[in-house]
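Visitor: Please take me through this structure. I would like a close look at one part, and then the surroundings.

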There are 2 protein chains.
Amino acid sequence: MTISERFSFETIASEGGARAGIYHTPHGDIPTPIFAPVGTQATVKAVTPAQLEELGASLVLSNTYHLYLRPGADLIAEMGGLHEFMQWPGPILTDSGGFQVFSLAAIRKIDADGATFKSHIDGSMHRLTPEKSIDIQEKLGADIIMAFDECAPPQDRAYNEQALERTTIWADRCLQAKTRADQALFGIIQGGVFEDLRLQSAQWTAGQPFDGVAIGGLSVGESKAEMHAVLDAIQPFLPLEKPRYLMGVGSPEDLVNGILRGIDIFDCVLPTRLARHQSAMTLRGRVNMLNAVHAHDPQPIDETCGCYTCQHFTRAYIRHLISARELLASTLISIHNLFTLLRLVRLCREAIVEQHFTDFAKEFLSQYNHPVRERKIFTLR
Amino acid sequence: MTISERFSFETIASEGGARAGIYHTPHGDIPTPIFAPVGTQATVKAVTPAQLEELGASLVLSNTYHLYLRPGADLIAEMGGLHEFMQWPGPILTDSGGFQVFSLAAIRKIDADGATFKSHIDGSMHRLTPEKSIDIQEKLGADIIMAFDECAPPQDRAYNEQALERTTIWADRCLQAKTRADQALFGIIQGGVFEDLRLQSAQWTAGQPFDGVAIGGLSVGESKAEMHAVLDAIQPFLPLEKPRYLMGVGSPEDLVNGILRGIDIFDCVLPTRLARHQSAMTLRGRVNMLNAVHAHDPQPIDETCGCYTCQHFTRAYIRHLISARELLASTLISIHNLFTLLRLVRLCREAIVEQHFTDFAKEFLSQYNHPVRERKIFTLR
């Protein structure tokens with residue numbers, strides 16, 4: 001396989017390791033760095049595609065594991081593919097299903113050829129292999145598809161060695177299996193917190209004809225220092241001409257730290273999941289909107305924010321919606337949280353173009369109020 | 001009190017008893033006949049104000065009982081009133097709280113002066129009187145406010161006689177209590193299914209300086225024939241120059257039957273409540289969107305419909321959202337259902353203007369597929 005047609009990555013500015021670019025895809029240009037809202041089940045939870053477009057989303061991620069189980073890849077193909085099905089006109093990325101098999105499936109059995117697992121929805125048995133994952137992703141029809149990988153607990157050396165070996169063989173099988181020229185296939189660097197394994201994986205992946213390079217298995221329980229060490233170690237080995245995607249990462253400080261280390265694409269359920277738990281994201285930290293302090297507050301969540309929610313609604317109103325268990329609370333906070341992350345990557349991009357991103361990042365990170373305890377979004381079982 | 005300033009009702013066409021008009025209010029003109037979406041807790045469930053505006057809503061209803069208990073009328077007044085609080089720029093109507101005291105409160109005790117009741121939210125004790133209801137509604141600041149009435153079980157003669165007596169005295173007290181000239185106060189005709197009581201109530205209400213006349217206590221358990229008999233009986237006694245509002249009524253056939261009998265304004269939770277129970281409304285009947293028959297259906301809910309949902313999404317997608325318990329299902333079906341009722345009243349209005357509403361109504365009612373069992377929306381306790 002060669003680099004897919006109709007895709008190209010253009011760097012328009014860089015500062016240190018940080019890059020500002022444009023990733024051209026069949027469904028439109030993605031300004032990078034970018035944050036991709038997650039539409040796990042072919043919908044970004046509580047938000048319509050029209051609202052997503054209005055808040056400035058570009059790339060949207062959806063999950064192969066979930067869509068394969070429900071409603072099924074054949075049904076989505078029959079409906080004209082994922083873009084048509086969920087009515088997202090812009091670029092879409094699907095993951096390979098690998099991560100969910102390891103984190104969500106009720107039971108699972110991995111062998112050299114693939115993974116057998118029990119559906120978390122109805123207990124039915126299923127099997128994913130590299131070829132099957134690519135087949136499903138080709139039916140879904142996203143612009144960017146991912147190699148089928150094994151995501152291991154980050155601190156387990158023996159597990160990571162074995163998983164990396166399988167991930168490498170599977171990545172090669174994905175490259176062979178891919179048939180559509182209108183989809184870009186990204187390889188995934190694994191290796192847990194072990195720098196030698198990560199380097200080995202990065203070098204191998206960089207040498208393959210992937211359209212882009214992803215870093216998997218981070219933000220799954222390791223420390224921030226470990227995450228940064230891995231990103232720092234592999235950065236020199238990543239091809240400059242391909243987009244780089246840090247999977248499942250999406251807190252504001254992780255975005256800025258990732259961009260500092262040359263990452264172009266991020267995704268995370270964080271903004272929409274926090275929204276459904278009444279937590280609003282700002283560029284200074286999180287705000288629990290149910291807190292009684294907001295009861296009489298006529299200010300928006302963030303007075304510097306230009307989103308629909310902040311342009312219209314008071315903290316007092318949003319707190320009322322949460323107290324009254326109204327669905328609109330999830331919608332309004334989701335819109336705000338997604339806008340906030342998209343605003344942050346836009347600010348980063350502008351700073352890179354204007355060559356003051358290092359200062360911007362330093363100031364941002366010094367002012368950002370880290371939550372006392374980072375909510376664990378994913379738990380490996 | 002006299003007729004409030006800044007309000008006027010203009011009839012632009014009529015056919016038989018049916019009228020097409022414009023009700024001018026401080027927050028804009030309401031084309032009549034109109035259906036008012038219900039925003040019980042200062043939000044039309046699962047729909048943003050921007051979406052409501054896009055689907056063509058005009059008048060929106062909100063519930064005094066709910067808002068009084070949570071977040072409280074003082075808080076809403078402090079936030080600039082209900083229009084500002086919920087960000088609905090168009091006309092708003094609040095009910096008096098009477099109906100909810102009788103249908104929702106955990107316990108209640110009615111006396112000549114008012115009603116004492118226990119909150120369904122936290123068990124706290126509260127008291128509503130005509131003066132208190134008007135005071136709350138003046139704090140909320142809706143365009144149209146309602147007299148505080150007692151809603152009795154429709155078939156209980158003795159109860160209705162007593163309730164009507166109180167309702168009449170209370171209505172007079174509401175007229176005395178009202179102070180704001182930028183709010184229209186509507187009186188409410190009660191009397192259950194008893195035509196003599198209804199006539200007595202209609203004649204009294206018609207003779208008072210109310211800005212409009214409402215018919216309460218219908219669609220609460222009586223038969224369709226009984227509802228129509230009441231509407232037919234009172235129609236000759238309703239003043240032509242004032243708007244007429246049939247409270248809590250909102251199924252498509254009830255709208256058409258009400259318009260035939262001279263009703264201008266309707267409200268009901270039906271479209272949004274059905275939406276949250278995966279039932280889509282069409283001009284031919286209801287459709288259970290979870291039905292397996294829709295699994296592979298590439299058609300919209302209603303191919304003749306111009307709403308956002310039908311312009312974008314397939315039945316297959318909406319069924320998937322319901323199966324996957326996605327919030328977006330409620331939003332998309334709510335948008336469609338509200339649009340459908342607003343479309344129906346618009347079609348009725350056009351037919352009246354073009355003088356073929358009688359034929360339109362006859363054809364509509366002959367083609368409308370009545371649900372096997374009308375879901376009971378309200379239950380009097």
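Guide: What follows is the close look, then a tour outward.

This is a predicted model, where local features need pLDDT of at least 70, side-chain atom pairs count only at pLDDT 80 or more, and totals for chains, interfaces and linings use all residues. Residues are numbered from 1 along each chain as its sequence is written, with chains lettered from A and ligands numbered from 1 in the order in which they are written.

Start with strand 14 of chain B, residues 265-268. Helices (H or I, at least four residues) and strands (E, at least two) are DSSP runs, numbered from the N terminus. Side chains alternate here. Ile265(B) and Asp267(B) point one way from strand 14 of chain B. Phe266(B) and Cys268(B) point the other way. All four are buried. A residue is buried if 20 or more other C-beta atoms, placed from the backbone, lie within 10 Å of its own, exposed if 12 or fewer, and partly exposed in between.

Now the partners. Strands pair if DSSP finds at least two bridges between them. Strand 4 of chain B, residues 34-37, pairs with strand 14 of chain B in the parallel sense, over four bridges. Within that pairing, Ala36(B) has Asp267(B) as its bridge partner. Strand 13 of chain B, residues 244-246, also runs parallel to strand 14 of chain B, joined by two bridges. There, Tyr245(B) has Ile265(B) as its bridge partner. From strand 13 of chain B the chain passes through helix 10 (residues 252-260) to strand 14, a right-handed β-α-β crossover. Right-handed means that, with the strands pointing away from the viewer, the path from the first strand over the helix to the second runs clockwise.

Follow strand 4 of chain B onward. Ala42(B) sits in the loop between strand 4 and helix 1 (49-54) of chain B. Phi of Ala42(B) is near 65 degrees, positive in a residue other than glycine. Ala42(B) counts as buried because it has 27 C-beta neighbours inside 10 Å. Gln355(A) also has a positive phi, near 60 degrees, and is not glycine. Gln355(A) lies in the loop between helix 14 and helix 15 (357-367) of chain A. Gln355(A) counts as exposed because it has 12 C-beta neighbours inside 10 Å.

Next, the cis bonds. In chain A, the peptide bond from Arg70(A) to Pro71(A) is cis, with omega near 10 degrees. Pro71(A) lies in the loop between helix 2 (64-69) and helix 3 of chain A. In chain B, the bond from Arg70(B) to Pro71(B) is cis, with omega near 10 degrees. Pro71(B) lies in the loop between helix 2 (64-69) and helix 3 (73-78) of chain B.

Ile12(B) lies in strand 1 of chain B, residues 8-15. Ile12(B) counts as partly exposed because it has 13 C-beta neighbours inside 10 Å. Ile12(B) and Arg349(B) are 337 residues apart in sequence, yet 10.0 Å apart in space, C-alpha to C-alpha. Leaving aside neighbours within four places in sequence, Ile12(B) is in contact (C-beta atoms, placed from the backbone, within 7 Å) with Ala20(B), Gly21(B), Ile22(B) and Val353(B).

Step over to chain A for its domains. An automatic or database assignment sets the bounds. Chain A has domain 1 (35-269) and domain 2 (275-367). Their centres, taken over C-alpha atoms, are separated by 27 Å. In the contact between them, 17 residues of domain 1 of chain A meet 19 residues of domain 2 of chain A. On the domain 1 side, strand 4 (34-37), helix 1 (49-54) and helix 10 (252-260) of chain A each supply at least two residues. Helix 10 of chain A gives the largest share, six residues. That side divides into eleven nonpolar, three polar and three charged residues. Ala, Val, Leu, Ile, Met, Phe, Trp, Tyr, Cys and Pro count as nonpolar, Asp, Glu, Lys and Arg as charged, and the others, Gly among them, as polar.

Last, the two chains together. Their contact takes 32 residues from chain A and 32 residues from chain B. Helix 3 (73-78), helix 4 (82-86), helix 12 (308-312), helix 13 (315-323) and helix 14 (327-353) of chain A each supply at least two residues of the side that touches chain B. Helix 13 of chain A gives the largest share of that side, five residues. By class, that side has 17 nonpolar, eleven polar and four charged residues.

A rotation of 180 degrees, with 0.0 Å of shift along its axis, superposes chain A on chain B with RMSD 0.0 Å. That is the relation of a two-fold axis. Superposition is by least squares on the C-alpha atoms of residues with pLDDT of at least 70 in both copies. Leu327(A) has the C-alpha nearest the axis in chain A, 3.9 Å from it. The same surface serves both copies, as 100% of the contact residues of chain A recur in chain B.

Key: Contact = placed C-beta atoms within 7 Å.
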